[in-house]
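Me: Please take a close look at a single part of this structure, and set it in its context. Explain the terms as you go.

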Amino acid sequence: MAKRSHSKKTKKSLSNSWSKTVRHYFRTVFLSFFVGGLVFVWGKYFFIPATPCANSLSCESDLVEKIENGAVGVFQGNNVKVPEINLAFDITNPSVLGTNEPGGEKHIYVDLASQKLYAYQGDTKILETFISSGRWNRTPVGNFHVWTKLRSTRMSGGSGTDYYNLPNVPYVMYFYHDFGLHGAYWHNNFGHTMSHGCVNMRPIDAGAIFDWVDGPKNGEKGTIVSICNRFTEPNICEQNNPINS
Amino acid sequence: MTIRHQIEFETVFFLLVAIFLAGFFVWRSNQNLQNNLYAATPIISEGNTPKIIVPTLNPILKIETASQISPDGTKKLTMEKTHNRDKTVSYVFTTSDGDGNNPHEVYTTQLSGSEDLSLPFNTWSPDNKYVFIQKNEDNALVFKATGEPITNTATFFDIQDSFKEKDKKNVPSVTTGWASETLLIVNTIKEDGTKGPSYWFEVPGKAIMQLSSNF
């Protein structure tokens with residue numbers, strides 16, 4: 001009799017102990033998930049990665065119009081002769097790109113695979129030319145709008161042999177932070193990657209595009225710029241991991 | 001250690017693991033964002049290649065007259081190609097202002113039908129002082145834009161010959177364009193036919209410098 005009673009007590013005790021252990025682990029796991037979730041949300045909120053810059057030295061401080069005739073440029077360790085900019089010539093050279101074309105939405109496509117830029121007005125292609133996209137930094141893929149147009153500015157960045165400091169960069173059309181379309185007077189290797197993330201063009205092409213492109217005005221966004229990994233025709237723009245999808 | 005202590009220890013351990021995992025996921029998540037910001041060049045598997053026509057950078061012009069404007073639009077290089085009765089082809093290259101004024105004859109030659117000269121897209125140096133002309137598919141000739149001899153002893157530089165003179169084992173395959181006012185970018189192939197390194201060809205010094213990355 002005594003033996004049976006002892007056995008019952010032991011079973012009851014084991015059952016209670018097991019029940020307590022399950023409750024304990026359930027509570028602990030729940031608490032862990034809760035705390036882990038809190039840490040994740042807090043981390044995502046406070047540890048946002050810095051926005052990349054095409055021009056590491058000038059992207060924070062120099063996104064303003066600057067004409068510095070007579071200044072000397074530096075690119076890949078070499079001094080570069082900087083072309084002078086005379087705004088009087090801009091007034092005497094009227095914009096002609098797209099003026100004889102029917103109206104329609106303006107859209108710029110950049111094809112990173114073929115290193116070409118296409119400008120469309122509606123369904124009409126009005127310009128096609130070679131460009132140089134990012135070699136030292138990658139050009140961001142996605143769909144953007146021109147957020148500001150600058151006739152000229154200074155761009156600088158890099159370090160060591162990669163240091164560059166280029167005044168009078170002409171016809172700048174920023175589309176994502178300090179990534180922009182602009183003229184490049186320091187090289188002529190278009191059709192091949194040569195930039196720090198921007199889209200370089202011959203100054204003559206950049207000027208034509210600059211006069212045609214719309215910046216933001218009256219609450220409307222600027223001209224659309226689509227950076228494609230591959231482009232075949234309007235609205236067929238292959239984008240891998242676009243940053244603003 | 002009492003059961004109570006053991007339970008407290010386990011709870012703290014679980015919490016630490018949870019915090020560590022959450023931190024890891026934050027880090028991974030931010031890394032994915034970074035990768036999206038710096039979008040990678042696509043790797044396209046064979047058989048899945050989109051069918052697109054990629055234009056050539058160095059078109060072989062079949063027309064009689066062709067020209068290439070300088071990057072700033074102020075100068076122009078014109079090529080006149082004449083097919084002779086003896087099946088040779090005569091070429092005349094002339095630089096001028098963008099509007100055609102102030103012409104300078106740069107180069108005149110007559111080649112057999114198997115050889116070819118053409119105007120690359122990036123023919124002009126950024127400062128408009130030099131031009132290069134593509135010869136066949138793998139060579140380039142470099143001239144002063146004024147039509148003057150490029151040195152006291154040479155009218156122009158032949159890229160292939162310059163590589164041979166310097167006893168380079170890699171052979172030029174294509175000259176892509178100008179990295180600066182005086183540096184041409186030359187891609188090469190190795191003796192075994194595989195892709196070789198890229199070089200800078202310096203004008204007018206004729207120095208050849210190997211680059212760490214390929215163009």
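Reply: Two strands are said to pair if DSSP finds at least two bridges between them, and the strands (E, at least two residues), like the helices (H or I, at least four), are DSSP runs numbered from the N terminus. This is a predicted model, in which local features need pLDDT of at least 70 and side-chain atom pairs count only at pLDDT 80 or more, while totals for chains, interfaces and linings use all residues. Residues are numbered from 1 along each chain as its sequence is written, and chains are lettered from A and ligands numbered from 1 in the order in which they are written.

The part I have chosen is the annotated active site. In an unreviewed entry, UniProt gives the annotation "active site" to A:His182 and A:Cys198; such annotations may be inferred rather than shown by experiment, and their positions are given in the numbering used here. The two residues span 17 residues in sequence, yet their C-alpha atoms are no more than 7.6 Å apart, so they gather at one spot.

A:His182 lies in strand β9 of chain A, which covers residues 179-183, whereas A:Cys198 sits in the loop between β9 and β10 (199-201) of chain A. A:His182 is buried (20 or more other C-beta atoms within 10 Å of its own, with C-beta atoms placed from the backbone), because 25 such atoms lie within 10 Å of A:His182. A:Cys198 is buried too, with 27 other C-beta atoms within 10 Å.

Contacts, meaning C-beta atoms, placed from the backbone, within 7 Å, fill in the surroundings. If residues up to four places away in sequence are left out, A:His182 touches A:Val169, A:Pro170, A:Tyr171, A:Val172, A:Met173, A:Cys198, A:Asn200 and A:Ala206. With neighbours within four places set aside, A:Cys198 is in contact with A:Ala54, A:Phe179 and A:Gly180, as well as with A:His182.

As for the wider setting, the same record, an unreviewed entry, lists residues 106-228 of chain A as "domain: L,D-TPase catalytic", a span that is 8% helix and 48% strand and whose end C-alpha atoms lie 16 Å apart. Chain A also has an open sheet of 5 strands, with mixed pairing and the order β5-β4-β3-β11-β6, in which β5 (124-130) and β6 (142-145) are the edge strands, each pairing on one side only. Strand β4 (residues 116-121) of chain A pairs with β5(A) in the antiparallel sense over 6 bridges, and A:Lys116 has A:Phe130 in β5(A) as its bridge partner.

Methods:
A residue is buried if 20 or more other C-beta atoms lie within 10 Å of its own, exposed if 12 or fewer, and partly exposed in between; C-beta atoms are placed from the backbone. Two residues are in contact if their C-beta atoms, placed from the backbone, lie within 7 Å.
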